[in-house]
Amino acid sequence: MENSKQQPKENMEVAKFDPATTYGNASNLMLTETEMKALSAPFDDLDFEITPSGFIYIPGVLTLKRLNDVIGIGRWSLLLINNGKDDLGDNKFKVFYDGAMVIRNCFVSRSVGEAQYNATNKNQSWASAFEAAKTDCRQRCSKDLGIASDAWNPTFVRRWQKEHAVKVFVDNKGSKEVAWRRKDLDPFWNEVGFVTSTPNVPGQQKPQAKPITEEWKKKIEACKDKPQLTDLYNANLAVIDKWPELKNAFFAARDKMEGKKAKA
């Protein structure tokens, strides 16, 4: 569908909600100790992803796999209770999926998932936006089962961000903005440098610049293409993260390879 006006009204309607049926057997789900431990088992650090805004999450496909592996395929369901959309203007909409998770005929959780739909984006449709909202709803409901609950634990989030992510500057139509990404991923196409967050404490002497050594200059110059440069960068993250001048040298080398004009 290209816009909401073309969407048939019947497709937006939901079967009449029956609380007695949906909430039947609430809090009566019987899980074995093995199942409970398996549902709440921690995910590997590298299973997590991070959004540019800094929110970490487990991809929906891994949550889906955890439910199917532990509960069983066909032994759980996400019931659609209601749906809706907000018109954000400019042909942009926010789509909502109000759903309830039922496992083995027992109500477990209810939440509302959301996703954004841009009618001018030829690679997106109402179907894909609605599916994204459904996935978001499932993620939120799964949290009540202990699945990927670390993503909402501030202590875990801070530790994960420090070890596996980096804040960078990106160029958004001439405006410099801050974004997060995983350290092991290639730089954003519009990335222009790292954010160095050194607190400005009154009376505290600013750290002295540490020039790049000849050894590092030779290592960087020896990289013949961007993949080699990226491999060298990823293999030395522990050193590079504490050396702003070295980070800048890597980005200068990358920009040179991409034919960009070096920034002052």
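**Sheet pairing, nonpolar cores and cysteines**

Val168 stands opposite Phe194 of strand E8. The model in which this pairing occurs is predicted. Strand E6, covering residues 165-172, is joined to E8 by three bridges, and the two strands run antiparallel. Both belong to an open sheet of three strands, ordered E7-E6-E8 and paired in antiparallel fashion. The edges of the sheet are formed by strand E7 (175-182) and strand E8 (191-194); each has a single partner strand, so one side of each lacks a neighbour in the sheet. On average, and with direction ignored, neighbouring strands of this sheet are turned by 35° against each other.

For the protein chain as a whole, 10 helices and eight strands are assigned. The chain comprises 264 residues, of which 36% are buried. The exposed area of the protein chain is about 16,700 Å², and 51% of this area is supplied by carbon and sulfur atoms. When contacts between residues at least 6 apart in sequence are considered, 57% of them join residues at least 24 apart.

In soluble globular proteins, nonpolar side chains tend to be buried together. In the present model, the largest nonpolar core contains 36 residues, and Phe48, Ile56 and Ile71 have the most contacts inside it. At least two residues of this core come from each of several elements: helix H4 (60-70), strand E3 (76-89), strand E4 (92-103), strand E5 (106-118), helix H5 (126-143) and helix H6 (154-164). A second core, separate from the largest one, has 19 residues, including Val166, Ile220, Leu229 and Leu246.

The surroundings of Phe48 were examined with neighbours within four places in sequence left aside. On this basis, Phe48 is in contact with the aromatic residues Phe43, Tyr57, Phe156 and Trp160, among others. Its further partners are Ile56, Ile58 and Ala151, together with the charged residues Asp150 and Arg182. One of these partners, Ile56, is itself listed with Phe48 among the residues having the most contacts inside the largest core.

A disulfide is a covalent bond between the sulfur atoms of two cysteines. The structure holds zero disulfides. Two cysteines were considered individually. Cys106 has a relative accessibility of 8% and therefore counts as buried, the cut-off being under 20%. Cys223, with a relative accessible area of 11%, is likewise buried because this value also falls under 20%.

Notes:
Residues are numbered from 1 along each chain as its sequence is written. This is a predicted model: local features need pLDDT of at least 70, side-chain atom pairs count only at pLDDT 80 or more; totals for chains, interfaces and linings use all residues. Side-chain values use heavy atoms; hydrogens and water are left out. Helices (H or I, at least four residues) and strands (E, at least two) are DSSP runs, numbered from the N terminus. Buried means under 20% relative accessible area, exposed over 50%, partly exposed in between (1.4 Å probe, protein chains only). Contact means heavy atoms within 4.5 Å. Accessible areas come from the Shrake-Rupley method with a 1.4 Å probe; for residues, only the protein chains shown count as cover. A nonpolar core is a set of buried Ala, Val, Leu, Ile, Met, Phe, Trp, Tyr and Cys residues joined through side-chain atoms within 4.5 Å. A disulfide is a pair of cysteine sulfur atoms within 2.5 Å. Two strands pair if DSSP finds at least two bridges between them. Axes are lines fitted to C-alpha atoms, for helices over the stretch in contact, and angles run from 0 to 180 degrees between N-to-C directions.
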